[in-house]
Amino acid sequence: MVSKRQFLGRRGWTWHLLISVLALASTACRAAAQIPPPLPPVSAGVNDRFIDVTRQAGIGFTHQFCHDGIMNILLSNGAGGAVFDYDNDGFVDLYLLNWGPLDGVTKRGLKVAREPNRLYRNRGDGTFEDVTARAGVAGTGFASAAATGDYDNDGFEDLYVACFGANQLLRNRGDGTFDDVTTQAGVADAKGTGISATFLDADGDGSLDLYVANYLTFDPSTISEQNPGAYPGPLAYPGEADVLFRNRGDGTFEPITQNAGLYAPMHRGMSVSAFDCDRDGDPDLYVSNDDTPNGLWLNDGKGQFHDAGLELGVALNSIGEAPGSMNATLADANNDGWLDLFVTRFGYGSLYVRQEGGHYLDEMWRSGLGRLTQNHVGWGGSFIDFDNDGDPDLFIVNGSAFTLGGTLSLLLENDGEGRFSDAGKEGGAFFATPIDGRGSAVLDFDNDGRLDLLATTLANRPFLLRNRGEQGSRNHWLKLDVRDRHGRVAYGALLTVEGGGRTWNTEVLCPTGFLMQGDTRVHLGLGSASKVDRLEIRWPGGGTRTLHDVAVDQILKLREPNP
Amino acid sequence: MKLLPASLALGVVAVLFAGCAARSLSDKSDESAAAAPAHLADRVSYQRMADGLHAVLRAANAAWLEAEAGDSPVFTSPSDFGSRISDLNRGSHGAFLRRAAQEIATHGAEFSFAIRSPWPISPLGAAQTGLEEEALTVLPRSPGEPLFRDEQLGGRAYFTAVYPETATSASCADCHNRNTGSPRHDFADGDFMGVLVIRIPREF
């Protein structure tokens, strides 16, 4: 028999050792290679409406993803941020959130430092500068979503960051810096799996209160009994109650969830939207939940809520289930004067169109949206009148809940009556680029009257998409920067605009697009209307103001008069 | 095998182990199944689950008909019809099933069901997906035959079962014929009236 030594010889041993080492190394690299590298800039076609300006604008952010893939449900959601004008210079700035390592969630034994959240100050020339360190907003923890609101009535928008673990309240000092006042304000909610938040004046006392949506209580030792090849779904974990913090008016908050009638411990919140559903002058809440019915919490005007979701037809989708709802975006989809809701889902989404009498009908199929979204798991969904023709279109970022490989985003055009068609070709090359989409926001970062888009992704870079419009378009617009008597964004102000024979009813909203808050200025596409005949504002604190013959194609600042 | 150098074998084993380690879970049920008597079932197929749910819903529907509409639900006069219809509309067959479906969804059931018809009294009873539209066209031509299909909605995979619903008693046809909201008023006993759709998600 030939011995091994004689068979291989010295050179043979060397080659076999090398091959073995390479095999070992490739297994480690293969695991790491499941995270795609940051996507390069998307090259725009000549006729593309939206162009990727992320890099040239100076947004050099990458979402930190500390694992080899989407290994559990918490890693499937992503991180977002907020669009807000932190320095009151008239140009919206961007705040993007990051994750970092988290015991029991991210890869065991990984020794990496957390990458910071980043604040990008808009220079007003199409570029941004990273002012994170100067502003003191690097943040901590596993950040999910951000909301902004002037909770201390000093005229500067403050920041609240919802995290898995302790949340953060960052008070805007007004000098370009922020102060972490979480502990003294009492809004950490440290045991919660924070995933969304919104500011609203729930009890009408003139101070902004804070609603935080919590997801579920994650246990890394839970395994799925049904599909061993995938991580357990949301029903494998207990839900967590959301929290309503009442602003005492002295810089501190108190949790009043149960007293307010909002306590729902079995729900698994994904996002919260505040709007005046019944136009009775107080903010109501729509909470999107994962595998439990969504809630439409109606406010009695004194800060007492009850859930009318099932009764009004917005709790379940049209096939009778309560699948994972990501967020609700709000707009008057059929131009009948009432706000409707589009809900993105892991599963069949919904277009809830408000009917006479106050209930909603889910027109997902009739609107064409059922067919258009059939193959996509929708995450961030945002209404946007991208062509200023006076009706709200839709932008949806999509992505797999299980793998990182990219899915196409959708740009869907409204025909004015709540029927949608695919406008991706007009949208441009971005809509032919697969991304792992998560958060979405609408903004006008260059104040040119054409609405732009911001999308965040899982484990990759964000996309800032500038809307360069359509050549020869003669559609007009009006942007309203509505502030209350304290100088705050006047959340809850109701607006009626008439021009060119048409009427628009809308509201100053804290606009949510899954993990993201968008530009709070109210943008109206006016179509061919060359002036606004009448503009009425009904202020949250009561009182109205009416303007006539308002010029179009401008940003109009409106401030509630002092009493 | 005797001639494979140990280092190469180590590399092969490492590759195989990495492949196994990429799986997030091990299936403990395989271990227990191996010990159990071979004739015991350890899983239920999607179709069998859908058939079981259908059987439950049909039984509930029959019980409702008996309790609400009576054994011989013939309306003897317009006033009798009027009072019975108003009672039935509050707790009509469609409303009853929708209420049950809502209740089930509220309690975390991992399936859903709905009734659909080409002639819905309520807009909630109209087809809501492409497959439902197709079923409402195909099933009347194949009396008694259900339809089973894999369906994708909003990026999520479902097993969808569609069962034909016929007028199983005189009250079914009569109630729909006399309802002013019905788009059709000529149903007869045994006619195809719509479908019951049961969906079971395959991703969670």
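**Figure 1. Phe245(A) and its bridge partner Pro255(A) in strand S13(A)**. Phe245(A) belongs to strand S12 (residues 243-247) of chain A, and its bridge partner Pro255(A) lies in strand S13 (residues 253-255) of chain A. The model is predicted: local features need pLDDT of at least 70, side-chain atom pairs count only at pLDDT 80 or more, and totals for chains, interfaces and linings use all residues. Residues are numbered from 1 along each chain as its sequence is written, while chains are lettered from A and ligands numbered from 1 in the order in which they are written. Helices (H or I, at least four residues) and strands (E, at least two) are DSSP runs, numbered from the N terminus. S12(A) and S13(A) pair in the antiparallel sense over three bridges; two strands pair if DSSP finds at least two bridges between them. The two strands form a hairpin with five residues between them, and in its turn Gly249(A) has a positive phi of about 90°.

**Figure 2. Strand S12(A) and its surroundings**. Five of the five residues of S12(A) are buried, so the strand is largely enclosed by the rest of the structure. A residue is buried if 20 or more other C-beta atoms lie within 10 Å of its own, exposed if 12 or fewer, and partly exposed in between, with C-beta atoms placed from the backbone. In a regular strand the side chains alternate between the two faces of the sheet. One side of S12(A) holds the buried residues Val243(A), Phe245(A) and Asn247(A), and the other holds Leu244(A) and Arg246(A), also buried. Strand S11 (residues 209-214) of chain A also pairs with S12(A), antiparallel and over three bridges. Here Tyr211(A) stands opposite Leu244(A).

**Figure 3. An open sheet of four strands in chain A**. The strand order is S14-S15-S16-S17, with antiparallel pairing. Strand S14 (269-275) and strand S17 (305-307) each have a single partner strand and stand at the edges, so one side of each is left without a neighbour in the sheet. On average, neighbouring strands are turned by 20° against each other, direction ignored. Axes are lines fitted to C-alpha atoms, for helices over the stretch in contact, and angles run from 0 to 180 degrees between N-to-C directions.

**Figure 4. Strand S15(A) between its two partners**. S14(A) and S15(A) pair over six bridges, and three bridges join S15(A) (residues 284-289) to S16(A) (residues 295-299). Val287(A) stands opposite Val272(A) and has Gly295(A) as its bridge partner in S16(A). Tyr286(A) has Leu296(A) as its bridge partner in S16(A). Both faces of S15(A) are covered: Asp284(A), Tyr286(A) and Ser288(A) are buried on one side, and Leu285(A), Val287(A) and Asn289(A) on the other. The hairpin of S15(A) and S16(A) has five residues between the strands, with Asp291(A) at a positive phi near 65°.

**Figure 5. Ala197(A) in the largest nonpolar core**. A nonpolar core is a set of buried Ala, Val, Leu, Ile, Met, Phe, Trp, Tyr and Cys residues joined through C-beta atoms within 7 Å. This core has 176 residues, and Ala197(A) is one of the five that touch the most other members. Strand S7 (residues 158-164) of chain A gives the most to the core, with six residues. Leaving out residues up to four places away in sequence, Ala197(A) touches residues including Tyr160(A), Leu210(A), Tyr211(A) and Val272(A); a contact is a pair of C-beta atoms, placed from the backbone, within 7 Å.

**Figure 6. The buried side of helix H6(B)**. In helix H6 (residues 130-138) of chain B, the buried residues are Leu131(B), Glu132(B), Ala135(B) and Leu136(B). They cover an arc of only 135° around the axis, which puts them on the same side of H6(B); the arc is that of the directions from the helix axis to the C-beta atoms. An α-helix has 3.6 residues a turn, so residues three or four places apart point the same way. The buried residues of H6(B) pack against S1, strand S2 (147-153), strand S3 (156-166) and strand S4 (192-201) of chain B.

**Figure 7. Glu110(B) and model confidence in chain B**. Glu110(B) lies in the loop between helix H5 (93-106) and strand S1 (112-116) of chain B. With 16 C-beta neighbours inside 10 Å, Glu110(B) counts as partly exposed. The C-alpha atoms of Glu110(B) and Ile200(B) are separated by 6.6 Å, although the residues are 90 apart along the chain. The mean pLDDT (the predictor's confidence in each residue, from 0 to 100) of chain B is 76. Over residues 1-33 of chain B the pLDDT stays under 50.

Conventions:
Two residues are in contact if their C-beta atoms, placed from the backbone, lie within 7 Å.
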